[in-house]
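Work through these short exercises with the structure open beside you. Try each task before you read its solution.

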Amino acid sequence: AVSCGSGQTCLSPCQFLRRQQVLQLYRKILRAIREVPAEQDRRYLKDWAREEFRRNKDATEEDAIRMMITQGNMQLQELQRTLKLAKS
């Protein structure tokens, strides 16, 4: 991230795309959590997701970010699989 003047930071095209990927993953996870039947489980998963993303929000290492996105997608798929099984 580079300073753009007036206190703003500019993202490189690569950083911008990565940020979009992270936000998209976060939205997908929250959407999937809404399908969880038990209120208590929903709250727990939402807090967990929020905390995971918050904890890693300052990550800058490209490989680490890519790995976290991959892990997040795998966890999302696992949640979706579990929800699908619960419905059947």
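**Exercise 1. Confidence**

Which elements of the protein have the lowest and the highest mean pLDDT?

*Solution.* Start with the kind of model: this one is predicted. Next, take the whole chain. The protein averages a pLDDT of 91, and 91% of the residues score at least 70. Now go element by element. Strand E1 (residues 2–3) has the lowest mean pLDDT, 60. Helix H2 (residues 39–55) has the highest, 96. Last, apply a general caution: where pLDDT is low, predicted coordinates should not be read in detail.

**Exercise 2. Fold and overall form**

Find the order of the elements along the sequence, then decide whether the protein is a compact globule or more spread out.

*Solution.* First, list the elements: three helices and two strands. Second, read them along the sequence: the pattern is β-β-α-α-α. Third, compare two values. The radius of gyration is 16 Å, while the globule rule gives 12 Å for 88 residues. The value is well over the rule, so the protein is more spread out than a compact globule. Fourth, look at the box. Along the principal axes, the C-alpha atoms fill roughly 55 × 20 × 15 Å. Finally, turn to burial: buried residues make up 15% of the 88 residues.

**Exercise 3. The annotated region**

What is the helix and strand content of residues 20–78?

*Solution.* Begin with the record. An unreviewed UniProt entry annotates residues 20–78 as "domain: Complex 1 LYR protein". Then check the model over that range. The chain there is 81% helix and 0% strand. The C-alpha atoms at its two ends are 22 Å apart.

**Exercise 4. Buried or partly exposed?**

Classify Leu-25, Arg-66 and Leu-11 by their relative accessibility.

*Solution.* Use the cut-offs: under 20% is buried, over 50% is exposed, and partly exposed lies in between.

- Leu-25 sits in helix H1. Its relative accessibility is 5%, so Leu-25 is buried. Its C-alpha lies 11 Å from that of Gln-71, which is 46 residues away in sequence.
- Arg-66 belongs to helix H3 (residues 62–87). At 39%, Arg-66 is partly exposed. Its C-alpha is 9.6 Å from that of Gln-21, with the two residues 45 apart along the chain.
- Leu-11 is in the loop between strand E2 (9–10) and helix H1 (13–33). Its value is 39%, so Leu-11 is partly exposed.

**Exercise 5. A surface patch**

Which residues make the nonpolar surface patch of about 300 Å²?

*Solution.* Start from Leu-11, in the loop before helix H1. Then add its partners: Phe-16 and Leu-17 complete the patch.

Key. Residues are numbered from 1 along each chain as its sequence is written. This is a predicted model: local features need pLDDT of at least 70, side-chain atom pairs count only at pLDDT 80 or more; totals for chains, interfaces and linings use all residues. Side-chain values use heavy atoms; hydrogens and water are left out. Patches are made of residues with over 30% relative accessible area and no salt bridge: like charges are joined within 9 Å, nonpolar side chains (Val, Leu, Ile, Met, Phe, Trp, Tyr) within 5 Å. Accessible areas come from the Shrake-Rupley method with a 1.4 Å probe; for residues, only the protein chains shown count as cover. A salt bridge is a side-chain nitrogen of Lys or Arg within 4 Å of a carboxyl oxygen of Asp or Glu. Helices (H or I, at least four residues) and strands (E, at least two) are DSSP runs, numbered from the N terminus. Buried means under 20% relative accessible area, exposed over 50%, partly exposed in between (1.4 Å probe, protein chains only). UniProt positions are given in the numbering used here, feature names are shortened, and annotations may be inferred rather than shown by experiment. pLDDT is the predictor's confidence in each residue, from 0 to 100. The radius of gyration is taken over C-alpha atoms; the globule rule is 2.2 Å times the number of residues to the power 0.38.
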